[in-house]
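Me: I've got a model open and I'd like to learn how to read it. Can you walk me through it, one feature at a time?

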Amino acid sequence: MAFDRIDRQIMALLQDDGRMTNVDLAERVGLTAPPCLRRVRGLEEQGAIKGYHAAINPASLGYTITVFAMVSLKSQAEGDLSAFERHVATIPEIRECHMLNGEIDFILKIVATDLQAFQELLTTQLTPAPNVSHVKTSLTIRTAKSEPGIPVG
């Protein structure tokens, strides 16, 4: 996909404020509202803009713990990898799952209300999952940076 300067401006502005009105967006990128809306719809249809969401403060809902779990599987056959991905997709507290290259097969970002809730998830849903060899976890102490999206420019 090739994007011109205006497309990139639209994406950057919407990434910063997905609730921006089309009129405000158009004004900021130097277009009138109708062509701006056509560009936004085109970016959505192409899949460049995947969606819009609210950034919820986890602590406001009691999720005060964030843990990263490094998971190694017994087998890296595609069927086993896919089965693990399907399994973690069913666990709402696992917010991200990334397959890695190297010794660790997956890194997971997990949220929990407290250490007991995390331990229960770990011992009842993650470590006993089929094909899991071992799990190493690291509890976050603080988050120094958390930027949504990607650099657009």
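Reply: Sure. Helices here are DSSP runs of H or I with at least four residues, numbered from the N terminus. Keep in mind that this is a predicted model. As a case, glutamate 27 sits in helix 2, which covers residues 22-29.

Me: How many helices and strands does the protein chain have?

Reply: Five helices and four strands. Going along the sequence, they come in the order α-α-α-β-α-β-β-α-β.

Me: And how do I read the overall spread of the protein chain?

Reply: Set the radius of gyration against the globule rule. The protein chain comes out at 20 Å, while the rule gives 15 Å for 153 residues, so the chain is more spread out than a compact globule. Along the principal axes, its C-alpha atoms fill a box of roughly 55 × 35 × 25 Å. As for burial, 27% of the 153 residues count as buried.

Me: Back to glutamate 27: is it buried or exposed?

Reply: Exposed means over 50% relative accessible area. Glutamate 27 has 66%, so it's exposed.

Me: Which residues gather with Glu27 in a patch of negative charge?

Reply: Asp16, Asp17, Asp24 and Glu147 join Glu27 there, on the surface.

Me: What about arginine 41, where is it placed?

Reply: Look in helix 3, residues 33-46. Partly exposed is the class between 20% and 50%; arginine 41 lands there because its relative accessibility is 41%. Its C-alpha atom is 34 Å from that of phenylalanine 106, which lies 65 residues away along the chain.

How values were computed:
Residues are numbered from 1 along each chain as its sequence is written. This is a predicted model: local features need pLDDT of at least 70, side-chain atom pairs count only at pLDDT 80 or more; totals for chains, interfaces and linings use all residues. Side-chain values use heavy atoms; hydrogens and water are left out. Patches are made of residues with over 30% relative accessible area and no salt bridge: like charges are joined within 9 Å, nonpolar side chains (Val, Leu, Ile, Met, Phe, Trp, Tyr) within 5 Å. Accessible areas come from the Shrake-Rupley method with a 1.4 Å probe; for residues, only the protein chains shown count as cover. A salt bridge is a side-chain nitrogen of Lys or Arg within 4 Å of a carboxyl oxygen of Asp or Glu. Lys and Arg count as positive and Asp and Glu as negative; His and the chain ends are not counted. The place of a charge is taken as NZ of Lys, CZ of Arg, CG of Asp or CD of Glu. Helices (H or I, at least four residues) and strands (E, at least two) are DSSP runs, numbered from the N terminus. Buried means under 20% relative accessible area, exposed over 50%, partly exposed in between (1.4 Å probe, protein chains only). The radius of gyration is taken over C-alpha atoms; the globule rule is 2.2 Å times the number of residues to the power 0.38.
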